[in-house]
Structure formats: structure tokens, C-alpha cells
Amino acid sequence: MIIDYVEYGSLAELPDDARRLMECAMESAHKAYAPYSKFHVGAAVLLADGTMVQGSNQENIAYPSGLCAERTALFSASAQHPEQAVVALAVVGHFEGEYTEALPCGACRQVMAEYELRYGNKLTVYCYLKGGRIRRIEGVESLLPFGFDADL
Ligand code: THU
């Protein structure tokens with residue numbers, strides 16, 4: 001198994017469509033509801049027809065009832081545009097006035113895997129890293145190796 005990823009030195013180095021998706025995620029971070037952690041996460045999903053759907057973390061006073069930005073974006077995209085394959089996702093953190101690293105949690109990786117299964121294509125994931133670098137990961141298997149599989 002190959003962990004398939006590349007890193008870009010900055011937002012400016014990304015191809016246009018990827019940069020637009022990351023900028024959409026950056027804007028989305030400001031819509032987060034994160035009064036408990038104060039860690040604002042923005043995500044943006046790119047659909048096959050070019051539509052971008054935003055999501056941000058939505059916290060709750062009963063902590064486990066909240067939801068990550070990535071799943072908020074993916075579920076929102078799927079609920080509004082079920083006929084459109086999900087092709088890419090960008091994620092970024094925002095903390096104490098600065099954009100910062102955000103890598104998807106295990107549960108979000110599992111949900112991404114479900115959309116690959118559903119639409120039959122690989123998902124490209126862009127993660128904002130410390131210092132403004134961007135990591136592009138090709139396919140969820142590179143984020144979740146040896147994930148759950150079954151003939152259900
Ligand atoms: N969070 C996300 O939205 N995405 C991630 O990939 C990791 C964590 C949220 C959950 C919680 O609201 C806050 O960040 C701190 O963990």
C-alpha cells in the first residue's frame with residue numbers, strides 16, 4: 001500500500017481549482033460554532049458539477065453531540081445534492097486569529113470512505129498545515145489504511 005500525498009509550500013502554489021476550494025474552507029472556518037474549544041474548523045466539499053459546499057464545526061454543551069467541519073460539509077452536500085459525486089474536500093483550522101493545521105479525525109475519514117464507496121471515485125483531500133503548507137492526499141485509503149470493509 002502506498003500513502004499517496006504531496007505537499008505545497010503555500011496556498012499560492014496550488015492549482016486554481018484547489019486554491020479556490022481551500023479559500024472556500026477558510027471562509028467557512030469563520031462560520032464555525034466553537035464556543036467550548038475555540039478551535040474553528042472550516043471545510044469545503046467539491047462536487048462533480050463544480051458546486052462547493054461549506055461546513056464548519058458545530059459544538060454542543062453536551063460535547064459529543066457536536067460535529068466536525070468535515071462531516072458537516074459532507075452530510076450537507078449529500079443531503080442537498082445526492083446525485084453529485086463528491087470529488088474533493090479541503091480542511092483548515094483557525095485558532096487565536098490565525099489559520100492553522102487541521103487533519104481529519106478518524107470518524108471523518110470513515111465518512112469520507114463511504115462517499116468513495118457510494119460514488120465509485122477517489123476523493124482528493126487538501127489539508128492546511130502549520131506554516132501555511134498544504135498537503136494533498138489522493139484517496140481515502142491514504143488517510144485510512146486497512147479500513148473497515150465487508151460484503152453487506
Ligand atoms: N474538529 C473538526 O471540526 N475537524 C477535525 O478534523 C478535528 C476536530 C473540531 C471538533 C471540535 O469542535 C474542535 O475541532 C476541537 O476538537
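Here's a quick tour of a ligand, the residues around it, and the pockets in this protein. Keep in mind that the model is predicted. The ligand takes up the space of the second largest pocket, and the protein covers 73% of the 370 Å² of accessible area that the ligand has on its own.

**Around the ligand**

- Let's start with who's there: the ligand is surrounded by S37, F39, V41, N57, E59, C68, A69, E70, L103, P104 and C105.
- Sort that shell by class and you get 7 nonpolar, 2 polar and 2 charged residues.

**Polar contacts with the ligand**

- E70 uses its side chain here, with an N or O atom 2.6 Å from an oxygen atom of the ligand.
- A69 joins in through its backbone, where an N or O atom lies 2.8 Å from an oxygen atom of the ligand.
- N57 has a polar side-chain atom 3.0 Å from an oxygen atom of the ligand.

**The ligand's pocket**

- The second largest pocket, where the ligand sits, has a volume of about 170 Å³.
- It's lined by 13 residues, and the closest to its centre are F39, V41, N57, C68 and A69.
- Those five names should ring a bell, as F39, V41, N57, C68 and A69 also belong to the set surrounding the ligand.
- The lining of this second largest pocket splits into 8 nonpolar, 3 polar and 2 charged residues.

**The largest pocket**

- Now for the largest pocket, which has a volume of about 410 Å³.
- Its lining is made of 15 residues, with Q110, A113, L117, F148 and D149 the closest to the centre.
- By class, the lining of the largest pocket has 9 nonpolar, 2 polar and 4 charged residues.

Key. Residues are numbered from 1 along each chain as its sequence is written. This is a predicted model: local features need pLDDT of at least 70, side-chain atom pairs count only at pLDDT 80 or more; totals for chains, interfaces and linings use all residues. Side-chain values use heavy atoms; hydrogens and water are left out. A residue is near a molecule or strand if one of its heavy atoms lies within 4 Å of it. A polar contact is a pair of N or O atoms within 3.5 Å; within protein, one must be able to donate a hydrogen and the other to accept it, and residues adjacent in sequence count only if both atoms are side-chain atoms. Accessible areas come from the Shrake-Rupley method with a 1.4 Å probe; for residues, only the protein chains shown count as cover. On a 1 Å grid over the protein atoms alone, a cavity is a set of points where a 1.4 Å probe fits but cannot get out, and a pocket is an open set with protein on both sides within 12 Å along at least five of seven lines; lining residues have an atom within 4 Å of a point. A molecule sits in a cavity or pocket if more than half of its atoms lie within 2 Å of its grid points. Ala, Val, Leu, Ile, Met, Phe, Trp, Tyr, Cys and Pro count as nonpolar, Asp, Glu, Lys and Arg as charged, and the others, Gly among them, as polar. Grid points are joined across faces, edges and corners, and a volume is the space filled by probe spheres set on the points.
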